[in-house]
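Hi,

Here is the model I promised to pass on. Have a look at it first, and then read my notes below.

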Amino acid sequence: MNAKQITFEVLDTLPEVPFSGAYLADKVCDIEGRIHYPDTILRYMREWRKKREKFDIVLVDKKKSIYKKIKRS
């Protein structure tokens, strides 16, 4: 699996709790065993958000890069 596929899988299984961009990037890099720029992982997160009809990602704290996965109404 590549970093994009791993990011999608992590976001698919992530519970609806706040998480940091750094946490997501670290998790993807740990699973793949390679290092990626956090901006790349956040770009994949935005792609995931566009492709998922049931969920959205909202920015909770801009300064700390905290996000939350929520169900769309």
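Two strands count as paired if DSSP finds at least two bridges between them. By that rule E1 and E3 pair: three bridges join them, and they run antiparallel. Before I go on, please keep in mind that this is a predicted model.

**The overall picture**

The chain has three helices and three strands, and from the N terminus on the order is α-β-α-α-β-β. For 73 residues, a compact globule would have a radius of gyration near 11 Å, and the chain agrees because its own value is 11 Å. The C-alpha trace spans about 35 × 25 × 20 Å along its principal axes. Buried residues make up 33% of the 73. If you take the contacts with a separation of 6 or more, 50% of them come from residues 24 or more positions apart.

**The sheet**

Back to the strands. They form an open sheet of three in the order E1-E3-E2, with antiparallel pairing. E1 and E2 are the edge strands, each pairing on one side only. From one strand to the next, the twist averages 35 degrees. H2 packs on this sheet and touches E1 and E3, with its direction at about 70 degrees to that of E1.

As for who faces whom, Phe-19 stands opposite Tyr-67 in E3. On the other side of E3, six bridges join that strand to E2, again antiparallel, and Phe-55 has Lys-71 in E3 as its bridge partner.

The hairpin of E2 and E3 has four residues between the strands. One of the residues in that loop is Ser-65, and I'd look at its backbone. Most residues other than glycine have a negative phi. Ser-65, however, has a positive phi near 55 degrees. Ser-65 counts as partly exposed because its relative accessibility is 22%, and the cut-off for buried is under 20%.

**H1 and what covers it**

H1 covers residues 3-13, and its buried residues are Ala-3, Ile-6, Thr-7, Phe-8, Val-10 and Leu-11. What lies over them? The cover includes strand E1 (18-20), helix H2 (21-32), helix H3 (38-51), strand E2 (55-61) and strand E3 (66-71). At the N-terminal end of H1, Asn-2 acts as a cap, with a side-chain oxygen 3.1 Å from the backbone nitrogen of Lys-4.

After H1 comes the loop that leads to E1, and Pro-15 sits in it. Pro-15 is at 47% relative accessibility, so it counts as partly exposed. The C-alpha atoms of Pro-15 and Met-1 are 22 Å apart, with these positions 14 residues apart along the chain counted as their separation.

**The core**

Which residues have the most contacts inside the largest nonpolar core? That core has 18 residues, and the ones you want are Leu-11, Phe-19, Leu-24, Ile-41, Met-45 and Ile-57. The elements that give two or more residues to it are H1, H2, H3 and E2.

Leu-24 is a good place to start clicking. Leaving out residues up to four places away in sequence, Leu-24 touches Thr-7, Val-10, Leu-11, Phe-19, Ile-41 and Met-45.

**Two more residues to look at**

Tyr-44 lies in helix H3. Is Tyr-44 buried or exposed? Tyr-44 counts as buried because its relative accessibility is 15%, and the limit is under 20%. Apart from residues up to four places away in sequence, Tyr-44 touches Ala-3, Lys-4, Thr-7 and Phe-8. Ala-3, Thr-7 and Phe-8 are among the buried residues of H1. The C-alpha atoms of Tyr-44 and Lys-27 are separated by 13 Å, and the two are 17 residues apart along the chain.

His-36 is in the loop between H2 and H3. A polar contact of 2.4 Å joins the side chain of His-36 to that of Glu-32. With residues up to four places away in sequence left out, His-36 also touches Ala-3, Cys-29 and Ile-41. Ile-41 has come up before, as one of the residues with the most contacts inside the core.

That's my tour; the file is yours now.

Cheers

Technical notes
Residues are numbered from 1 along each chain as its sequence is written. This is a predicted model: local features need pLDDT of at least 70, side-chain atom pairs count only at pLDDT 80 or more; totals for chains, interfaces and linings use all residues. Side-chain values use heavy atoms; hydrogens and water are left out. Buried means under 20% relative accessible area, exposed over 50%, partly exposed in between (1.4 Å probe, protein chains only). Contact means heavy atoms within 4.5 Å. A polar contact is a pair of N or O atoms within 3.5 Å; within protein, one must be able to donate a hydrogen and the other to accept it, and residues adjacent in sequence count only if both atoms are side-chain atoms. A nonpolar core is a set of buried Ala, Val, Leu, Ile, Met, Phe, Trp, Tyr and Cys residues joined through side-chain atoms within 4.5 Å. Axes are lines fitted to C-alpha atoms, for helices over the stretch in contact, and angles run from 0 to 180 degrees between N-to-C directions. The radius of gyration is taken over C-alpha atoms; the globule rule is 2.2 Å times the number of residues to the power 0.38.
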